[in-house]
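Let's take a friendly walk through a protein model together. Have a look at the sequence and the fold, and then read on.

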Amino acid sequence: MPSTIRTTTLPSGEAVPVLGQGTWKMGEDARRHVDEVNALKLGLDLGMTLIDTAEMYASGGAEEVVADAIAGRRDEVFLVSKVLPSNASRTGVPAACEASLRHLRTDRIDLYLLHWPGSVPLAETVEAFEALKRAGKIRHWGVSNFDTHEMEELVSLPAGDSVQTNQILYNLSQRGPEFDLAPWSRQRGIPLMAYSPVDQGLLARNARLEAIAARHDATPAQLALAWVMAQDGVIAIPKASKQEHIRQNVVALDIEFTREDFAEMDRAFPPPRRKSGLAMI
């Protein structure tokens with residue numbers, strides 16, 4: 001196991017680990033609650049101190065799983081949650097934030113994201129985020145599922161350049177952001193946060209990755225996760241609800257790719273040659 005997890009830096013100057021923990025689909029079954037909590041706790045023990053959740057996940061149930069996992073160790077955690085676009089108004093944002101704070105049993109969220117673009121004017125959402133910052137309810141804010149033109153609109157707004165990250169679907173199978181969104185974000189020092197870095201498990205069963213993975217004494221899933229973390233300014237947030245899966249994810253940090261590895265993966269999963277709409281799930 002690596003002694004420390006590599007970090008990347010937010011525009012605020014704060015360093016966060018490039019390997020975090022996702023919680024999508026957690027909190028949906030009470031029978032899995034203990035396993036999910038213990039997996040998150042182990043992740044914290046191993047240095048995966050960034051935990052991502054959302055008010056949408058199990059209608060707050062995932063936030064409650066997180067609350068149990070971080071109980072007694074809140075200060076170790078960089079806590080990320082998200083507000084639904086339907087709650088992104090001037091009055092909806094603070095109400096949603098208060099509900100998330102209750103579910104998470106904490107007094108602050110470290111990074112609060114707009115889950116995807118919606119009908120509420122962005123300027124109104126940004127104003128609400130900035131008010132939450134002033135109130136100490138959140139420390140930073142960002143967005144999720146924003147394409148390049150939406151990011152350009154965002155940073156043109158008053159205080160819009162305070163955005164700290166854009167959480168998107170990004171993995172070997174979904175490389176569309178590399179055409180323009182990823183370069184745009186790197187140029188501005190805004191990290192991307194990659195959800196579903198193993199493509200909901202599909203890459204774990206991909207025959208094209210098996211030979212490369214074998215050379216590294218790794219699994220295809222570990223290879224796919226390591227590839228995401230090897231990209232400059234990208235944070236991976238895989239969901240793992242079992243402790244063994246957590247351990248496997250952390251080991252992926254030790255994989256060091258050669259130029260031949262990257263070339264082989266590019267042949268198997270070609271980078272984009274033209275602009276495509278941002279995929280999301």
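## Inside, outside or in between?

A residue is called buried when its relative accessible area is under 20%, exposed when that area is over 50%, and partly exposed in between. Keep in mind as you read that this is a predicted model.

Let's try the idea on Val-251, a residue of helix 9 (residues 243–251). Its relative accessible area is 34%, so Val-251 is partly exposed. Along the chain, Val-251 and Ala-218 are separated by 33 residues, while in space their C-alpha atoms are 8.7 Å apart.

## The nonpolar cores

In soluble globular proteins, nonpolar side chains tend to be buried together. Here, the largest nonpolar core has 78 residues, and Tyr-112, Met-151 and Leu-154 have the most contacts inside it. Helix 8 (residues 220–230) is the element that gives the most to this core, contributing 7 residues.

What does Leu-154 touch, if residues up to four places away in sequence are not counted? Its partners are Leu-122, Val-126, Trp-141, Val-143, Gly-160 and Val-163. Apart from the largest core lies another one, of 12 residues, including Phe-78 and Ile-235.

## A buried arginine

Now find Arg-175, in the loop between strand 7 (166–169) and helix 6 (181–187). Is Arg-175 buried or exposed? With a relative accessible area of 8%, Arg-175 is buried.

The side chain of Arg-175 has polar contacts with two acidic partners: one of 2.9 Å with the side chain of Glu-178, and one of 2.8 Å with the side chain of Asp-266. Beyond its neighbours within four places in sequence, the residues in contact with Arg-175 include Tyr-170, Trp-227, Phe-269 and Pro-271.

## Salt bridges

How many salt bridges does the structure hold? There are 22. In one of them, Lys-137 pairs with Glu-98, with the closest N and O atoms 3.1 Å apart. Lys-137 sits in the loop between helix 4 (122–135) and strand 6 (138–144) and Glu-98 in helix 3 (residues 92–104), so this pair ties together parts that are 39 residues apart in sequence. Lys-137 is partly exposed at 27% relative accessible area, and Glu-98 is partly exposed at 30%.

Asp-147 and Lys-275 form another salt bridge, where the closest N and O atoms are 2.7 Å apart. This pair links distant parts of the chain, 128 residues apart. Asp-147 is buried, at 8% relative accessible area, whereas Lys-275 is partly exposed, at 37%. Finally, look for Glu-14, Arg-74, Asp-110 and Arg-139, which are linked in a network of salt bridges.

Technical notes. Residues are numbered from 1 along each chain as its sequence is written. This is a predicted model: local features need pLDDT of at least 70, side-chain atom pairs count only at pLDDT 80 or more; totals for chains, interfaces and linings use all residues. Side-chain values use heavy atoms; hydrogens and water are left out. Helices (H or I, at least four residues) and strands (E, at least two) are DSSP runs, numbered from the N terminus. Buried means under 20% relative accessible area, exposed over 50%, partly exposed in between (1.4 Å probe, protein chains only). A polar contact is a pair of N or O atoms within 3.5 Å; within protein, one must be able to donate a hydrogen and the other to accept it, and residues adjacent in sequence count only if both atoms are side-chain atoms. Contact means heavy atoms within 4.5 Å. A nonpolar core is a set of buried Ala, Val, Leu, Ile, Met, Phe, Trp, Tyr and Cys residues joined through side-chain atoms within 4.5 Å. A salt bridge is a side-chain nitrogen of Lys or Arg within 4 Å of a carboxyl oxygen of Asp or Glu.
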